[in-house]
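Grab a pencil and work through these exercises with the model open beside you. Each one sets a task, then walks through a solution.

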Amino acid sequence: GLPDRVRIHEVGARDGLQNEKSVVPTEVKAEFVRRLAEAGLTTIEATSFVHPKWVPQLADAEQLFPMLADIAEIGDVTLPVLVPNERGLDRALALGARRIAVFGSATETFASKNLNRTVDESLRMFEPVVARAKDAGVHVRGYLSMCFGDPWEGAVPVAQVVRVAKALMDLGCDELSLGDTIGVATPGHVMELLSALNGTGIPTGTIGVHFHDTYGQALSNTLAALQHGVTTVDASAGGLGGCPYAKSATGNLATEDLVWMLDGLGVHTGVDLGALTATSVWMAEQLGRPSPSRTVRALSHK
Ligand code: HMG
Ligand code: MG
């Protein structure tokens with residue numbers, strides 16, 4: 001069966017933009033987030049409090065986040081931000097962030113390239129972040145990257161993913177997002193991982209899926225996850241995205257492609273597809289190239 005409702009975790013302003021070469025003006029980012037909220041998205045990842053040299057595109061987090069204060073009043077909008085360490089947490093808390101995400105890796109190579117740490121060192125780095133966030137009543141998402149394949153290490157064994165997933169949840173994360181960072185997953189693999197996670201006692205209701213669409217499988221993978229009981233799906237407006245530290249990462253599952261499928265299935269998302277498409281067309285103009293989303297193209301060429 002399928003859920004009645006899916007919560008879309010919109011990552012366009014963070015995952016979508018972090019890999020853009022030319023720096024997008026802060027005002028454009030704020031307008032993007034505002035339009036996403038007006039289109040009915042309620043969980044809108046806004047930016048990252050990472051080292052500005054590591055992700056120059058998001059170096060304006062201190063300027064951007066306060067500009068979004070009024071957006072939280074549109075419906076029940078929440079604006080999660082990425083935080084790798086205590087320094088990032090301090091920055092996020094100082095601006096009143098109510099939801100954060102730490103981001104671990106199932107593979108050693110990506111942990112090293114993305115966080116300059118081993119897998120276990122990064123877990124130790126997250127430990128005080130999660131503890132302090134929880135004390136402050138802040139909701140914590142734990143991202144786990146390279147859950148299906150890694151550009152340097154190849155296929156990633158399910159048991160290796162399960163170990164780090166469990167470790168993240170044991171730190172106290174409220175939610176786990178399974179990242180197919182480079183978009184190599186196929187539906188059978190998704191079901192295999194979800195089944196293995198079921199065996200660890202991590203409730204399926206706390207698991208989200210985060211597919212990049214490199215091989216065009218993101219939507220099929222999502223459907224497999226929904227049939228398995230998942231109700232949180234990460235997507236990026238217009239299919240923007242990619243990770244600067246993951247060779248061969250392309251855009252995320254496009255939110256419009258997801259909403260088109262869910263609308264057709266009668267699964268409620270609260271998103272107005274017309275308003276969202278218009279937002280992605282506008283954002284594509286800002287970036288100077290068309291959206292890769294099939295749904296955006298189809299709906300905007302009518
Ligand atoms: P490091 O070089 O090991 O940092 O980087 P450090 O702990 O040695 O600190 C060095 C200096 O940086 C210190 O300053 C710190 O204060 C400063 P100094 O004392 O030398 O003057 N510093 C910071 N400054 C501002 N904000 C901070 C911060 N932290 C340290 N937060 C670090 C380690 C984690 C900082 C670095 O590796 C980093 O920022 N990485 C972020 C990479 C990133 O954002 N990647 C993209 C997001 S992950 C992703 O896209 C995947 C996902 O979408 C899911 C999927 O698709 O799989 C989530
Ligand atoms: Mg990603």
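A residue counts as buried if 20 or more other C-beta atoms lie within 10 Å of its own, as exposed if 12 or fewer do, and as partly exposed in between. Keep in mind that this is a predicted model.

**Exercise 1.** Work out whether Thr 43 is buried or exposed, and list what Thr 43 touches.

Solution. Start with the location: Thr 43 sits in strand S2. Next, count neighbours: 20 other C-beta atoms lie within 10 Å, so Thr 43 is buried. Now look for contacts, skipping residues up to four places away in sequence: Thr 43 touches Arg 7, Ile 8, His 9, Glu 10, Thr 78 and Pro 80. Finally, check Val 77: its C-alpha atom is 5.9 Å from that of Thr 43, although 34 residues separate the two along the chain.

**Exercise 2.** Lay out the sheet that holds S2 and find its edges.

Solution. First write down the strand order, S2-S1-S11-S10-S9-S6-S5-S4-S3, which is an open sheet of nine strands with parallel pairing. Then look at the ends: strand S2 (43–44) and strand S3 (47–48) each have a single partner strand, so one side of each lacks a neighbour in the sheet.

**Exercise 3.** Describe how S11 is held between its partners, and say which of its residues are buried.

Solution. Take the S1 side to begin with. Strand S1 (residues 7–10) pairs with strand S11 (residues 232–235) in the parallel sense, over four bridges. Arg 7 faces Thr 232, and Glu 10 has Ala 235 as its bridge partner. Now the other partner: strand S10 (residues 207–211) runs parallel to S11 and is joined to it by three bridges. There, Val 209 stands opposite Val 233. For the faces, recall that side chains in a regular strand alternate between the two faces of the sheet. In S11, Thr 232 and Asp 234 are on one side, Val 233 and Ala 235 on the other, and all of them are buried.

**Exercise 4.** Check the length of H11, then sort out its faces.

Solution. Length comes first: at 1.5 Å a residue, the 15 residues of helix H11 (residues 273–287) should span 21 Å, and the end C-alpha atoms are indeed 21 Å apart. Next, pick out the buried residues: Leu 273, Leu 276, Thr 277, Thr 279, Ser 280, Met 283 and Ala 284. Viewed down the axis of H11, these fall within an arc of 155°, so they line one face of the helix. That buried set packs against helix H2 (26–38), helix H10 (255–265) and helix H12 (294–300). Turned away from the buried side are the exposed residues Gly 274 and Glu 285. Just past the helix, Gly 288 has a positive phi of about 80°.

**Exercise 5.** Put Asn 116 and Met 146 in their loops and decide how buried or exposed each one is.

Solution. Asn 116 is in the loop between H5 and helix H6 (119–135). Its phi is positive, about 60°, although it is not a glycine. With 14 C-beta neighbours inside 10 Å, Asn 116 is partly exposed. Met 146 lies in the loop between S6 and strand S7 (149–150), and its phi is near 60°. Met 146 has 28 other C-beta atoms within 10 Å, so it is buried.

**Exercise 6.** Say what makes up the shell around ligand 1.

Solution. Sort by type: 11 nonpolar, 11 polar and three charged residues. Then by element: H4 gives the most, with three residues.

Key: Residues are numbered from 1 along each chain as its sequence is written. Chains are lettered from A and ligands numbered from 1 in the order in which they are written. This is a predicted model: local features need pLDDT of at least 70, side-chain atom pairs count only at pLDDT 80 or more; totals for chains, interfaces and linings use all residues. Helices (H or I, at least four residues) and strands (E, at least two) are DSSP runs, numbered from the N terminus. Ala, Val, Leu, Ile, Met, Phe, Trp, Tyr, Cys and Pro count as nonpolar, Asp, Glu, Lys and Arg as charged, and the others, Gly among them, as polar. The expected span of a helix is 1.5 Å times one less than its number of residues. The arc is that of the directions from the helix axis to the C-beta atoms. Two residues are in contact if their C-beta atoms, placed from the backbone, lie within 7 Å. Two strands pair if DSSP finds at least two bridges between them.
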